[in-house]
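Visitor: Please pick one part of this protein and take me through it closely. I work at the bench, so a connected account that I can follow on screen would suit me well.

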Amino acid sequence: MKRSRTSLAAALGAAALVASLAAAPTALAAPAPALDSAKPASTYATSSYTGSAEDQAANRQFFEAVMKSALKKQAEKPGIQVVTVTYNTSRAPSFRSQIAQSTQIWNSSVSNVKLQETSSAGNFQYREGNDSRGSYASTDGRGHGYIFLDYRQNQQYNSTRVTAHETGHVLGLPDHYSGPCSELMSGGGPGPSCTNAYPNAQERQRVNSLWARGIAVLQDKGELTKVR
């Protein structure tokens, strides 16, 4: 995959922190039922809600791309305290309610990053359809990506939990399928009976730390740094 040559020093420090968080042990849940659907282009990195295609590197890649894109847009705003990450829902009309609930949950749970809907392209999109892998987060590594919400999986599992879980990847959280229902990033691990759609205290702290570090570096440096 080709990586973006332009990023913020903030994202580099945050990426290292994400890597350490991603070291948590994982256990895969049963894959979603097979459905006939074209898969995203092979250049896209993905991470499935149920763990059938889990890839911790993909989680980090999605987060890094979104953080770079969001911070770049706000690099000229002095005294920045909260980074706004924008998203578009035009390609997921059936899930607008769940997306709105997920946004409300995350915006009320963390303080250093804010999710905001936009009619433009945004930092990422939500999409809907059928896919044998279920729901997942995907990025092209260049500051753009999407969250795919699978129809059948969202009938099997609590749809707001699925949406909030995938959005957690955008904010920097890795999967941890061996966790309890109280842990949002345990995803499909606890089974379909789990309906919790809220991040726990540790998950909230992780997101706040990741984005606070990005903001701090942005304030200190005040410039973009080219990297390979």
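A close look at one part

Guide: Let's start with S102, which has its place in helix α3. Helices here are DSSP runs of H or I with at least four residues, strands are runs of E with at least two, and both are numbered from the N terminus. Before we go on, please keep in mind that this is a predicted model, in which local features need pLDDT of at least 70 and side-chain atom pairs count only at pLDDT 80 or more, while totals for chains, interfaces and linings use all residues. Residues are numbered from 1 along each chain as its sequence is written, and side-chain values use heavy atoms, with hydrogens and water left out.

S102 has 0% relative accessibility, so it counts as buried. That word means under 20% relative accessible area, with exposed meaning over 50% and partly exposed in between (1.4 Å probe, protein chains only). Which residues does S102 touch, once those up to four places away in sequence are set aside? They are T160, T163, A164 and T167, where contact means heavy atoms within 4.5 Å. With T167, the side chain of S102 also makes a side-chain to side-chain polar contact of 3.5 Å. A polar contact is a pair of N or O atoms within 3.5 Å; within protein, one must be able to donate a hydrogen and the other to accept it, and residues adjacent in sequence count only if both atoms are side-chain atoms. H165 belongs in this picture too: its C-alpha is 8.6 Å from that of S102, although 63 residues separate the two along the chain.

Those partners lead us to helix α5, which covers residues 159–170. Its 12 residues reach 17 Å from first C-alpha to last, close to the 16 Å expected; the expected span is 1.5 Å times one less than the number of residues. Is α5 enclosed or open? Of its 12 residues, 12 are buried, so the helix is largely enclosed by the rest of the structure. The buried residues include S159, R161, H165, E166 and H169, so you will find charged and polar names on that list as well as A164 and V170.

T163 is one to pause on, as its place is in α5 and its relative accessibility of 0% makes it buried. Leaving aside neighbours within four places in sequence, T163 contacts Q98, I99, S102, Y126, L149 and N154. An α-helix has 3.6 residues a turn, so residues three or four places apart point the same way.

Now for the two ends of α5. At the N-terminal end, N158 acts as a cap, with a side-chain oxygen 3.3 Å from the backbone nitrogen of T160. Just after the helix, G172 takes a positive phi of about 115 degrees.

Further along, the loop between α5 and α6 (201–221) holds both C181 and C194. A disulfide, with S to S at 2.0 Å, joins these two cysteines, and the structure holds 1 such link. The term stands for a pair of cysteine sulfur atoms within 2.5 Å. The link is right-handed, with 85 degrees about the S-S bond. C194 is buried, at a relative accessible area of 4%, whereas C181 is partly exposed at 27%.

Back at helix α3, there is a salt bridge to see. R96 pairs with E117, and their closest N and O atoms are 2.9 Å apart. R96 lies in α3 (residues 96–109) and E117 in strand β4 (residues 113–117), 21 residues away. A salt bridge here is a side-chain nitrogen of Lys or Arg within 4 Å of a carboxyl oxygen of Asp or Glu. R96 is partly exposed, with 42% relative accessibility, and so is E117, with 36%.

To set this part in its frame, the protein chain has 6 helices and 8 strands. From the N terminus, the elements run β-α-β-α-β-α-β-β-β-β-α-α-α-β. Buried residues make up 54% of the 228 in the chain. Among contacts between residues at least 6 apart in sequence, 71% join residues at least 24 apart.
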